[in-house]
Amino acid sequence: MARSVSTGAKIGWSIAAWVVALLIFFPILYAIITSLKTEQEAIAGFSLIPSGTFENYITVQTQRDYFKPFMNSVILSVGSTILALIIAIPSAWAMAFAPTKRTKDILMWMLSTKMMPSVAVLLPIFIIFRTFGLLDSRIGLTIMLTLINLPIVVWMLYTYFREIPGEILEAARMDGASLWKEIVYVLTPMAIPGIASTLLLNIILAWNEAFWTIQLTTTNAAPLTAFIASFSSPQGLFWAKLSAASTMAIAPILILGWFSQKQLVRGLTFGAVK
């Protein structure tokens with residue numbers, strides 16, 4: 001039987017959830033408010049009352065060419081996600097359905113690479129990119145974003161694949177399915193919720209990546225993260241314009257997350273409840 005919860009407890013938990021949600025959302029809200037202020041008002045101090053000016057958005061779009069870094073962000077995030085899935089799906093299949101005694105060690109090693117500070121490998125990565133002419137290029141950044149997010153993609157897909165009964169794949173083999181058909185026509189359709197949530201999460205991670213995009217680009221392949229950083233210059237930190245650029249940068253991800261939240265939650269909880 002389900003545990004009964006009093007009305008007072010429900011109200012209390014609801015209020016607590018709203019408070020936590022507002023605390024998390026407040027930085028985004030304040031950035032939006034600041035973007036609607038003049039520079040003088042933005043640096044004057046804390047205030048939740050905007051002047052209602054859209055001058056900062058006009059400046060961001062006209063003087064700084066917002067469209068180019070926006071398209072770079074789209075290409076880099078989508079391209080790195082597709083490349084990561086192409087590599088991760090066969091890898092996760094092998095670890096889930098044809099494991100060896102070293103499979104868990106490999107998974108832990110892959111996860112441990114995410115714990116290493118990025119700055120520790122900045123110099124060798126920079127030298128490699130310079131040697132092969134990948135600095136400030138979409139191809140180079142796509143490869144980099146793929147590699148840094150690949151451990152998470154493999155781990156998530158491995159978790160989802162482990163929940164799929166192996167008997168189904170054995171039945172496909174008995175019907176004459178090749179390895180490629182087994183992965184494409186049997187395994188992938190059954191893991192669509194997990195693959196979709198992995199895809200969405202990887203797009204968000206790639207879109208928000210700032211360290212490598214700032215260090216490995218200047219103008220040609222610079223995405224929105226580098227575009228935002230450009231508003232911090234020796235001439236000063238332009239808070240209002242910086243807030244406008246940040247708002248325009250996070251808006252696509254907020255919209256994507258809003259419309260895909262059910263699919264994202266379904267995928268992230270895939271296999272959690274029997």
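## The largest pocket

In this predicted model, the largest pocket holds about 480 Å³ of space. Its lining is made up of 19 residues, and those that lie nearest the centre of the pocket are T113, M116, M144, L147 and I148. Three elements give two or more residues each to this lining, namely helix 5 (103-112), helix 6 (122-131) and helix 7 (138-162), and the largest share, 7 residues, comes from helix 7.

The chemical character of the lining can also be described by class, for the residues around the largest pocket divide into 14 nonpolar, 3 polar and 2 charged. As for how such spaces are found, rolling a probe the size of a water molecule over the atoms shows where empty space is left.

## The second largest pocket

The second largest pocket has a volume of about 240 Å³, and 14 residues line this pocket, with T218, T219, A222, F227 and S230 lying nearest its centre. At least two residues of the lining are supplied by helix 4 (67-97), and at least two by helix 12 (224-229). When the lining of the second largest pocket is sorted by class, 6 residues are nonpolar, 5 are polar and 3 are charged.

## Helix 9 and its two sides

Helix 9, which covers residues 179-190, has 12 residues and reaches 16 Å from its first C-alpha to its last, a span close to the 16 Å expected at 1.5 Å a residue. Which residues of helix 9 are buried? They are E182, I183, V186 and L187, and because these buried residues fall within an arc of 130 degrees when seen down the axis of helix 9, they line one face of the helix.

The buried residues of helix 9 are covered by parts of the structure that include helix 4, helix 7 and helix 8 (166-174). Helix 4 also supplies residues to the lining of the second largest pocket, while helix 7 contributes to the lining of the largest pocket. On the face of helix 9 turned away from its buried side, the exposed residues W180 and Y185 are found.

## Residue L179

L179 belongs to helix 9. Is this residue buried, exposed or partly exposed? Its relative accessibility is 46%, and because residues count as buried under 20% and as exposed over 50%, L179 is classed as partly exposed. With respect to F259, L179 stands 80 residues apart in sequence and 35 Å apart in space, taken from C-alpha to C-alpha.

Definitions and conventions
Residues are numbered from 1 along each chain as its sequence is written. This is a predicted model: local features need pLDDT of at least 70, side-chain atom pairs count only at pLDDT 80 or more; totals for chains, interfaces and linings use all residues. Side-chain values use heavy atoms; hydrogens and water are left out. On a 1 Å grid over the protein atoms alone, a cavity is a set of points where a 1.4 Å probe fits but cannot get out, and a pocket is an open set with protein on both sides within 12 Å along at least five of seven lines; lining residues have an atom within 4 Å of a point. Grid points are joined across faces, edges and corners, and a volume is the space filled by probe spheres set on the points. Helices (H or I, at least four residues) and strands (E, at least two) are DSSP runs, numbered from the N terminus. Ala, Val, Leu, Ile, Met, Phe, Trp, Tyr, Cys and Pro count as nonpolar, Asp, Glu, Lys and Arg as charged, and the others, Gly among them, as polar. Buried means under 20% relative accessible area, exposed over 50%, partly exposed in between (1.4 Å probe, protein chains only). The expected span of a helix is 1.5 Å times one less than its number of residues. The arc is that of the directions from the helix axis to the C-beta atoms. Contact means heavy atoms within 4.5 Å.
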